[in-house]
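Here are a few short exercises to work through at your own pace. Have your viewer ready, and try each task before reading its solution.

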Amino acid sequence: NADSAMYHAKDAGRDNHQFFAAQMNVTAQQRLELENDLHHALQRAELFLHYQPRIDLARGRMVGVEALLRWLHPRRGVIHPGGFIALAEETGLIVRLGEWVLREVCRQILEWQRQGLPAFPVAVNLSPRQFGQRHIAERIGEILLETGVSSSLIELEITETSLMQHTEQTLGTLSRLHKMGLRLAIDDFGIGYSSLSYLKRFPVDQLKIDQSFVRDIGVDPTNAAIVAAIATLAHNLKLAVVAEGVETHEQLDAVRTAGCGQAQGFLFSRPVGAEHVPALALRRWSADAR
Ligand code: C2E
Ligand code: MG
Ligand code: MG
Ligand code: MG
């Protein structure tokens, strides 16, 4: 069925433009329908964000959240990004979706501020086509100016594969964003065969280790070695290193031993609605996340 095909497609690779049609077992008719629905999703206010905390392991404290997009489809129910981001990329709708996400994040930051919550950065994912727009830095700057949110509160997550795709423009875009005061993270790090010399040239602040390395880190010594190597590299380059997809205490022990200073995953919290974030922001996790 189309829903489960869409849901699983996210595992297939996020940056291949053809993958939506090819990997997913949806008919042309269903695809057209979904595309049409997605056009209306913005006007009909069917999109919403969930937030997942990122934890500093030494202090047991939330140090930020990542905004994750969801679509409440009128007939299919909640669809995760794996079911529609590739389609949005293909059709170009991603540009408007992405701007909506950033505005919504800014609105939410102001709302949390009004509630008296201490400030923390919110990470926003940029897909390859968004990041590849020539004036992306200026657009982001305009939205921050309009909403009055400080650029230091926004973190942009750009996948390693996306960075590799736009080699000429990439450095310029990253430098502009960096000068504007935004924080930059390389998402899904380790699966994109990036040239390590890019890390020296790109003004990034954070590496987020792909969850495929974390998943069986306890049983696969190769993955443990890779995570440890990335953590050492990040440490020497003075970048923060985040382990993604931490679900178990064993994984937490392993990523900590490997030298990851921060982690994110279901063990701490699933992505949740904005109303649940204040409690997470004030919470203190013990060393074993209990
Ligand atoms: P990502 O940025 O790498 O986000 C992490 C994904 O892992 C999220 O899936 C999150 O729900 C999931 N996750 C977190 N902790 C765990 C865990 O412990 N175990 C497992 N198995 N999964 C965990 P989600 O929300 O379905 O998002 C998938 C991808 O879609 C994201 O990967 C990101 O690349 C993209 N995405 C999400 N929101 C946006 C958005 O607003 N714009 C764009 N362009 N892409 C987005
Ligand atoms: Mg998901
Ligand atoms: Mg991300
Ligand atoms: Mg990731």
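**Exercise 1.** Find the residue that bridges the magnesium ion (ligand 4) and the magnesium ion (ligand 3).

*Solution.* D187 bridges these two ions, which lie 4.3 Å apart. The model is predicted: local features need pLDDT of at least 70, side-chain atom pairs count only at pLDDT 80 or more, and totals for chains, interfaces and linings use all residues. Residues are numbered from 1 along each chain as its sequence is written, chains are lettered from A and ligands numbered from 1 in the order in which they are written, and side-chain values use heavy atoms, with hydrogens and water left out.

**Exercise 2.** List the donors of the magnesium ion (ligand 4) and their spacing along the chain.

*Solution.* Donors are N, O and S atoms within 2.8 Å of the metal (3.2 Å for Na, K and Ca); water is not among the atoms, so sites may look incomplete.
- Step 1: D187 (OD), D188 (OD) and E244 (OE) coordinate this ion at 2.0 to 2.4 Å.
- Step 2: Along the chain, the spacing reads D-D-x55-E.

**Exercise 3.** Do likewise for the magnesium ion (ligand 3), then state whether E66 and N125 are buried or partly exposed.

*Solution.*
- Step 1: The coordinating residues are E66 (OE), N125 (OD1), E157 (OE) and D187 (OD), at 2.0 to 2.2 Å.
- Step 2: Their spacing is E-x58-N-x31-E-x29-D.
- Step 3: Buried means under 20% relative accessible area, exposed over 50%, and partly exposed in between (1.4 Å probe, protein chains only). E66 is buried at 5% relative accessibility, while N125 is partly exposed at 29%.
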